[in-house]
Amino acid sequence: MMLFEKNKGQQGRSTLRCSIRASFMFGLFVSALGFSGSFPALANSSSTPVVESSICLDCHDDYSGKLEHTAHRDALQDNNGLSCMSCHSGGSIHIEDPTTENIINPSKLDASKQAAICANCHRPHTGQDNQGLDPHLLQGLGCADCHSAHKGQEGLLSSDVTTLCSSCHQGALLQFQRRSNHPVGDGVVDCTSCHSFKGENEPNFGHGNSANCYSCHPEQSGPHLFEHPVSISFSTEGEGCTSCHFPHGGPNERLLKSPNNNLCQNCHGTPPLHRSKHSGLGAKLPCLDCHSQTHGSNDNRLMLDPDLGTKMFPNCYQSGCHSLGN
Amino acid sequence: MNTQRIIKRSALGILNVTLLVSLIPPPSKATTGEAELKLGYIYLDETGFNKQQQSFNLYEGPALSLENLRYSFSNGANLTGDFKNLTMNNRHLKGRLYKSNQFGLNVSHNKYRRLYSNNPDRFTRRETSDVTFWAKPHRYLKFYGGLGQTDKSGEAVELFEPGKALNITPVDYQHQRYHIGLLANERGRTVQVEFRGSMFDNNSEAADQRSTERYRAITMFPVPRYEEVVLNGGFQHFKNTLDRDGLEFSSNSAWGGARVYFKNSITARYSFVFDRAQNSNELIATDNITHSFGLSKRFTKAGISAGYRKTVRDDIDTELDAAGVYLSGWAKVGSGFTLKGDFGSETTDVEQGSTLTGDKDLTRYRGSVNYRFRDVSAYAKFASRNIENTDIGSQSDYRRGTFGVSAIDSVYGQLDVSYVTATGDYQNTESNFEFIEHVISGDLLSSYYHQFQLGIGGVYYKSDRDVDVESISLRLRVNYELTKDWRLEGVFDGRNYDDLQNPNSYYTANIIEINIVKKFRAKED
């Protein structure tokens with residue numbers, strides 16, 4: 001099933017532009033409906049909490065400003081079933097004797113208890129790749145370690161994504177300082193560009209371990225008539241893109257794990273025919289000079305550059321190996 | 001034709017304006033919000049070649065930005081935005097309009113330039129636009145979708161240059177993406193269906209047009225009357241087609257699993273994945289089958305997990321069997337220490353047929369100590385990974401140590417200092433590659449004192465042994481508060497890069513950025 005008729009470029013792109021515009025207009029339409037309140041109200045919107053939020057705000061008046069710009073804003077006025085008591089149970093006792101001991105503060109609970117409170121409204125982080133697991137929760141990290149329920153950025157994160165992730169994954173952040181790296185420092189990509197927490201916002205469009213890479217590097221994705229098996233996640237020969245590339249940053253160009261021929265020789269060694277003078281390494285050439293189609297070829301099984309005849313030396317003397325003599 | 005186009009565009013324009021106007025609430029309703037408008041100039045003084053630098057995405061000239069936009073309407077809707085360098089070719093724009101539990105609309109646009117060689121005229125430019133939306137017509141129902149397009153054009157340079165001549169590759173493609181999905185979720189019971197697709201038009205290589213489709217359905221739910229048992233499962237069909245020849249890669253995947261929560265905070269897990277992938281150019285398919293088991297126990301201030309994974313990869317000619325184990329744990333010790341450690345090992349054997357790389361052994365272990373006392377934290381971490389292919393005499397070793405300290409003081413400011421060292425050793429029967437890297441980074445930002453705020457930071461990178469690269473960057477910041485809503489910013493960024501094995505590869509830059517910032521606040525009635 002194709003949503004758009006693919007017509008060699010122009011019509012397809014024009015159709016896509018209309019679709020982008022239609023999508024934007026749809027969003028505005030939805031917004032207008034939202035402003036006019038035409039969507040059905042959530043369940044329990046008319047239920048009254050044990051202690052109304054306005055009573056909490058009599059003492060904790062600073063939270064009014066903090067919550068104002070967040071998705072938990074509804075708690076300020078007990079709208080849509082959300083109130084201070086939704087998370088901080090024990091309020092009826094607390095208003096009689098306001099101490100920290102007789103009210104629940106989710107950020108002070110252990111990770112699983114935090115998750116249970118948040119799960120009343122929010123899906124846990126259990127994307128398809130995790131198959132029902134949350135690795136952060138297994139390490140004792142709770143929701144409050146990354147999210148700030150009363151303030152914060154998009155997704156109620158306590159800081160921007162890169163700063164937040166690198167507060168624990170310092171080694172990963174410093175890999176982006178290496179010789180070649182993904183542009184995290186520029187803000188062009190951040191951790192969630194590749195590492196997904198929620199199923200509906202997954203960036204990947206491919207298959208297997210390399211799915212994320214093809215989202216931004218589709219020119220390498222294939223399929224090809226002749227595949228380089230190491231670059232394919234499902235093959236018996238390799239693990240996909242990370243077989244050769246560091247995902248964050250590396251000491252060589254193009255995020256390669258090792259340079260020049262060492263990378264190829266890790267799997268291929270030096271094929272016997274390449275030890276002769278007039279081929280391959282015998283001519284002291286890097287593997288990629290000839291076998292440039294490392295991600296797969298539509299021309300030949302050996303991944304040779306399709307323009308090899310014209311790119312290489314037009315005659316023996318320009319190679320530097322033979323001379324006419326003086 | 002032109003008249004029709006004018007009428008159509010006018011109609012669309014009127015409709016867009018009408019919808020935008022409908023977003024503006026009546027003046028009698030209260031709103032709150034803030035934003036920062038930044039106007040500045042970037043001055044670049046560069047020497048050398050910046051193909052390895054992130055500064056290849058910087059431009060000299062005036063820059064206008066609208067940042068930290070946060071606007072709340074009285075009816076609960078929120079508008080946020082960050083629009084950086086609106087006037088420049090490296091603009092980075094993000095906007096979001098949402099109303100909690102009702103709808104959301106995200107729009108983003110980014111332009112990015114990249115250099116591949118020492119010739120600054122050879123570069124590619126990538127322009128990406130995305131629109132995503134979601135709506136919740138009911139508390140338990142959410143539908144979502146999005147569209148996106150990436151245009152990349154310019155000239156790239158191949159990594160290795162045959163005959164020592166610069167090999168330039170023209171790049172000109174469009175990559176269009178779209179997705180739509182439906183999610184039903186009620187207190188841990190989830191059903192989700194999604195379609196995702198893309199089209200790739202390569203104008204440099206017409207025969208390279210491609211398209212992908214992915215259909216996915218997943219579910220997760222506790223067993224009725226046995227809520228401590230949670231089941232999950234899903235199915236996915238993926239297809240990638242090369243339009244020229246109708247060449248197609250397709251896969252069908254199914255997965256499932258269960259979690260059981262026992263008493264005393266013990267959790268047991270099982271999951272399986274079955275995937276069959278096939279390239280239409282070949283008659284055989286490859287099956288990937290994975291079974292994994294896990295057990296974890298949580299204590300008051302500690303936790304431990306262990307697991308086992310079995311994977312079979314079979315394409316009839318060749319069968320690989322992999323078996324792996326992992327063990328991890330964490331503990332809070334004393335009044336601020338957290339210890340963590342994990343170990344993993346996997347052995348892959350060629351049970352049938354042969355592969356280029358033969359059997360493989362992978363071992364990884366990590367450990368860390370974190371200390372936190374109020375607003376001061378320190379950490380030390382160690383990670384090691386070893387991969388061996390004994391049949392072909394290939395081995396890789398990678399080790400990394402990370403140390404750091406950070407402190408926040410409301411009076412004086414904040415400090416972050418870190419050091420990481422990494423070593424890599426890649427050996428095979430033909431050659432070796434070794435490197436050792438050091439990265440030192442620090443950042444000190446003071447609090448405001450007499451309207452002044454100062455910051456100093458930098459990164460030092462050194463790579464040695466078979467690579468000899470040194471890179472330094474130093475960053476100085478000055479902020480001066482003219483008034484409560486006006487601020488002057490100055491940034492000096494000095495950079496130096498040297499590839500000592502390649503004298504032609506060096507770079508020095510002095511980058512100065514001066515901005516005047518006006519903070520806007522919406523007053524609440």
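Strands here are DSSP runs of E at least two residues long, numbered from the N terminus. With that in hand, welcome to a predicted model of a complex, and let us start at a loop in chain B.

**A loop residue facing chain A**

B:N428 sits in the loop that links strand 21 (413-427) to strand 22 (432-446) of chain B. Is B:N428 buried or exposed? Its relative accessible area is 8%, and buried means under 20%, so B:N428 counts as buried. The side chain of B:N428 takes part in polar contacts on two sides. Across the chain boundary, this side chain comes to 3.2 Å from the backbone oxygen of A:N262. Within chain B, a polar atom of the B:N428 side chain is 2.8 Å from the backbone nitrogen of B:S431. Setting aside neighbours within four places in sequence, the residues in contact with B:N428 are A:N262, A:Q265 and A:N266 from chain A, plus B:G393 and B:S394 from chain B.

**Another loop residue touching chain A**

B:T357 belongs to the loop between strand 17 (337-352) and strand 18 (360-373) of chain B. B:T357 is buried as well, because its relative accessible area of 13% is under 20%. Which residues does B:T357 touch, apart from those up to four places away in sequence? They are A:E237 and A:C267 on chain A, together with B:N389, B:D391 and B:I392 on chain B.

**Positive phi in two loops**

Here is a backbone detail you may enjoy checking in the viewer. Most residues other than glycine have a negative phi. B:N85 has a positive phi, near 55 degrees, and B:S265 has one near 60 degrees. B:N85 lies in the loop between strand 3 (77-84) and strand 4 (92-99) of chain B, while B:S265 lies in the loop between strand 12 (247-261) and strand 13 (266-279) of chain B.

The relative accessible areas of the loop residues discussed so far, and of one strand residue taken up below, are as follows.

| Residue | Relative accessible area | Class |
|---|---|---|
| B:N428 | 8% | buried |
| B:T357 | 13% | buried |
| B:N85 | 16% | buried |
| B:S265 | 28% | partly exposed |
| B:Y308 | 35% | partly exposed |

**A nonpolar patch on chain B**

On the surface of chain B, B:F293, B:F299, B:I304, B:Y308, B:V325, B:L327, B:F343, B:Y365 and B:F382 make a nonpolar patch of about 820 Å². Strand 15 (302-314) and strand 16 (319-333) of chain B each contribute at least two residues to the patch. B:Y308 is located in strand 15 of chain B. Why can B:Y308 be counted in a patch? Patch residues need over 30% relative accessible area, and B:Y308 passes that cut-off because its value is 35%.

**Chain A as a whole**

Chain A has 12 helices and 2 strands, in the order α-α-α-α-α-α-α-α-β-α-β-α-α-α along the sequence. Of its 326 residues, 40% count as buried. Among contacts in chain A with a separation of 6 or more, 44% join residues 24 or more positions apart. Chain A exposes about 16800 Å², with carbon and sulfur atoms supplying 57% of that area.

**How confident is the predictor?**

For the complex, the predictor gives an ipTM of 0.86 and a pTM of 0.83. The average pLDDT of chain B is 86, and 91% of the residues score at least 70. Residues 1-30 of chain B stay under a pLDDT of 50, and the model has 24 contacts beyond four places in sequence for them. Where pLDDT is low, the predicted coordinates should not be read in detail.

Key
Residues are numbered from 1 along each chain as its sequence is written. Chains are lettered from A and ligands numbered from 1 in the order in which they are written. This is a predicted model: local features need pLDDT of at least 70, side-chain atom pairs count only at pLDDT 80 or more; totals for chains, interfaces and linings use all residues. Side-chain values use heavy atoms; hydrogens and water are left out. Patches are made of residues with over 30% relative accessible area and no salt bridge: like charges are joined within 9 Å, nonpolar side chains (Val, Leu, Ile, Met, Phe, Trp, Tyr) within 5 Å. Accessible areas come from the Shrake-Rupley method with a 1.4 Å probe; for residues, only the protein chains shown count as cover. A salt bridge is a side-chain nitrogen of Lys or Arg within 4 Å of a carboxyl oxygen of Asp or Glu. Helices (H or I, at least four residues) and strands (E, at least two) are DSSP runs, numbered from the N terminus. Buried means under 20% relative accessible area, exposed over 50%, partly exposed in between (1.4 Å probe, protein chains only). A polar contact is a pair of N or O atoms within 3.5 Å; within protein, one must be able to donate a hydrogen and the other to accept it, and residues adjacent in sequence count only if both atoms are side-chain atoms. Contact means heavy atoms within 4.5 Å. pLDDT is the predictor's confidence in each residue, from 0 to 100.
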